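The following note sets out points on a predicted model. They concern salt bridges, helices and individual buried positions.

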Amino acid sequence: MDITGDASEVRTGTTIIAVEFEGGVVMGSDSRVSAGESVVNRVFNKLSPLHERIYCALSGSAADAQAIVDMAQYQLEMHSMEVGAPPQVIAAANVVRNISYKHKEELSAHLMVAGWDRRKGGQVYGTLDGMLTRHQVCIGGSGSSYIYGYVDSAYKSRMSKEECLQFVTNALTLAMGRDGSSGGVVHLVTITKDGVEPKLILSNDLPQFYDNE
């Protein structure tokens, strides 16, 4: 995240990632928030709940991203009350996509949506520029450009939950080591039919790579 210009707008220079596995999804993000060249928050959680088993990962303007989250949470809660059941993940992704596109001239943010529902299990969706695309693995933010090679080489289909957690942790660690706008700690969340499991990995406990030494 970054504050620039007279408006002092906080933006997300960030790394976010989500990956599907059999039975759920794993999402992860770094935690750095910066104001220009100054770090203003080292442990900000960029993984925000939209509903009981649906989360989103934030990038772009921090205030704009949070505004989209607030609107989406309200719409999904109303939808859940009307139908008498939790919303599907694709419905939540559509809500986020519609809000983002409707306010694209005023709001500068990109939200990645992931979660679990009874119909389709674990799902990951990108919502960039009015599009809605499902991915087995999805990365975003300024740090993502540094880890495309790692993701392409290390990702494999049908990974276990533990393998996905390690894969996401490794990817975020590598991005944080290269991208000056990413850093801090690693926030993880695992979403399955059994619920949500958040996890925090402090910087001292992150894996060591040659580039980070």
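1. E20 counts as buried, because its relative accessible area is 14% and the cut-off for burial is under 20%. The side chain of E20 nevertheless takes part in a salt bridge with that of R134, at 2.9 Å from N to O. The partner, R134, is partly exposed, with 43% relative accessibility. The pair joins distant parts of the chain, since E20 belongs to strand β3 and R134 to strand β11 (residues 133-134), 114 residues apart.

2. A second salt bridge is formed by D30 and K46, whose closest N and O atoms are 3.0 Å apart. D30 sits in the loop between β4 and β5 (33-35), while K46 sits in the loop between β6 (38-41) and β7 (47-51); the pair therefore ties together parts 16 residues apart in sequence. Both D30 and K46 are buried.

3. A further salt bridge brings together the side chains of E163 and K156, at 3.5 Å from N to O. E163 is partly exposed, with a relative accessible area of 33%. K156 is partly exposed as well, with a value of 46%. The total for the model is five salt bridges.

4. R97, in helix α2 (residues 89-102), deserves separate comment. What is the nearest side chain of opposite charge to R97? It is D129, 11 Å away, and R97 is buried without a salt bridge. A polar atom of the R97 side chain does lie 3.2 Å from the backbone oxygen of G130. Setting aside residues up to four places away in sequence, R97 touches T127, G130, M131 and L132.

5. Helix α1 (residues 62-83) comprises 22 residues and spans 31 Å from its first C-alpha to its last, close to the 32 Å expected at 1.5 Å a residue. Its buried residues are A62, D64, A65, I68, V69, A72, L76 and S80. These residues lie on the same side of α1, because they cover an arc of only 145° around the axis. An α-helix has 3.6 residues a turn, so residues three or four places apart point the same way. The face of α1 turned away from the buried side carries the exposed residues A63, Y74, M81 and E82. Just after α1, G84 adopts a positive phi of about 70°.

6. P87 is located in the loop between α1 and α2. Is P87 buried or exposed? With 4% relative accessibility, P87 counts as buried. Apart from neighbours within four places in sequence, P87 is in contact with H51, I54, L76, H79 and S80. Two of these partners, L76 and S80, are among the buried residues of α1. By contrast, N41 is 46 residues from P87 in sequence and 32 Å from it in space, C-alpha to C-alpha.

7. Helix α4 (residues 161-178) has 18 residues and reaches 26 Å from its first C-alpha to its last, close to the 26 Å expected at 1.5 Å a residue. Its buried residues include C164, L165, F167 and V168, as well as the run from T169 to M176. Which elements do the buried residues of α4 pack against? The strands are β3 (16-21), β4 (24-29), β12 (137-140), β13 (186-192) and β14 (195-201), and the helix is α3 (148-154). Strand β3, one of these partners, is also the strand that holds E20 of the salt bridge with R134.

Definitions and conventions:
Residues are numbered from 1 along each chain as its sequence is written. This is a predicted model: local features need pLDDT of at least 70, side-chain atom pairs count only at pLDDT 80 or more; totals for chains, interfaces and linings use all residues. Side-chain values use heavy atoms; hydrogens and water are left out. Helices (H or I, at least four residues) and strands (E, at least two) are DSSP runs, numbered from the N terminus. Buried means under 20% relative accessible area, exposed over 50%, partly exposed in between (1.4 Å probe, protein chains only). Lys and Arg count as positive and Asp and Glu as negative; His and the chain ends are not counted. A salt bridge is a side-chain nitrogen of Lys or Arg within 4 Å of a carboxyl oxygen of Asp or Glu. A polar contact is a pair of N or O atoms within 3.5 Å; within protein, one must be able to donate a hydrogen and the other to accept it, and residues adjacent in sequence count only if both atoms are side-chain atoms. Contact means heavy atoms within 4.5 Å. The expected span of a helix is 1.5 Å times one less than its number of residues. The arc is that of the directions from the helix axis to the C-beta atoms.
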